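Here's a quick look at a protein with a ligand in place. Have the structure open while you read.

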Amino acid sequence: MKILESLNSRRSQGKKSIAVLIDPDKISDPAQLDPLLRLATENCVDFFFVGGSLVTTSNLSQVVATIKENVSIPVVLFPGSAQQIDPQADGILFLSLISGRNPDFLIGQHVLAAPILKNAGIEVMPTGYMLINSGKITSVAYVSNTTPIPEDKYSLAACTAMAGEMLGLKIIYLDAGSGAEREVNKKMIAAVRKSVDVPLIVGGGINTPQKAVNALEAGADLIVIGNVLEKSPELLTEIAEKVYDWNQTVSAK
Ligand code: 1GP
């Protein structure tokens, strides 16, 4: 089953998913990935997201290859630019940064990426990417030169997501930014959830099991965990357990 199809099918059953985000810049030796790959398999992680807003090394291909060689979890590119494409991946979030007004991240990078993606034959998932303010200026806000949506402007975010869905985007991704001081709040997630039917991804600053539960309860279909696993990989077990528990309740109904 294709990735988007499986997200939609899980959503229609009320089931949630979890993705682990890997920043290729932080993986200088593929062996560094071993513990995370083992933990992800043990904890039934659904996807690996690979990418970053500023990738300064050429590790991407090696990282994707190592994941593909060792586990059967799909690899989804989460690119900061058209340079972060690797044909070994299973899919790519083709991100349009709809919370911002920078044409380069709304359509510019996409024009450069399109012919490469056409040849690569990987699954392209049109995604409305929305940055939500989370305290300090995040790398993604700085690099994309866009202003995140204020975290209490629920209607603004809801209308942005709605417009994205009307433009044909198939996924909405609410992101507080990697290592965010404050994760996207429940009210914001719920407001966006109510405004669209497409799968909703939520990430940025989800670094405790409770924050993961909050995002699931508010309506996230898929939560993304990155930063916190660099220092505390064991937290993946606790967070993934919350997703598993949620899905068990749904199955039991
Ligand atoms: C960032 O949504 C991702 O773009 C994940 O964020 O690294 O804070 O978990 P963290």
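What follows covers the ligand and its surroundings, then the cysteines.

Keep in mind that this is a predicted model. Start with the ligand: the space it takes is the largest pocket. Who's around it? There are 13 residues surrounding the ligand, and the closest are Asp175, Ser178, Gly179, Gly226 and Asn227. Sort that shell by class and you get eight polar residues, four nonpolar ones and one charged one.

Now for the polar contacts. Each row below pairs an oxygen atom of the ligand with an N or O atom of the protein.

| Residue | Part of the residue | Distance to a ligand oxygen |
|---|---|---|
| Tyr173 | side chain | 2.8 Å |
| Ser178 | side chain | 2.5 Å |
| Gly226 | backbone | 2.7 Å |

How much of the ligand does the protein bury? On its own, the ligand exposes 310 Å², and 96% of that is buried by the protein. Ser178 and Gly226 turn up twice here, since both are also listed among the closest residues.

On to the cysteines. How many disulfides does a search of the whole structure find? The count is zero. Two cysteines are worth finding in the viewer. Cys44 counts as exposed because its relative accessibility is 54%, and the cut-off for exposed is over 50%. Cys159 has a relative accessible area of 46%, so this residue is partly exposed.

Terms used
Residues numbered from 1 in each chain as written. Predicted model: local features only at pLDDT ≥ 70, side-chain atom pairs only at ≥ 80, totals over all residues. Heavy atoms only, no water. Near = heavy atom within 4 Å. Polar contact = N/O pair within 3.5 Å; in protein donor to acceptor, adjacent residues only side chain to side chain. Areas by Shrake-Rupley, 256 points an atom, 1.4 Å probe, with all protein chains shown as cover. 1 Å grid on protein atoms, 1.4 Å probe; cavity = no way out; pocket = protein on both sides within 12 Å on 5 of 7 lines; lining within 4 Å. Sits in = over half its atoms within 2 Å of the grid points. Nonpolar A, V, L, I, M, F, W, Y, C, P; charged D, E, K, R; others polar. Disulfide = S-S within 2.5 Å. Buried < 20%, exposed > 50% of the residue type's maximum accessible area, 1.4 Å probe, protein only.
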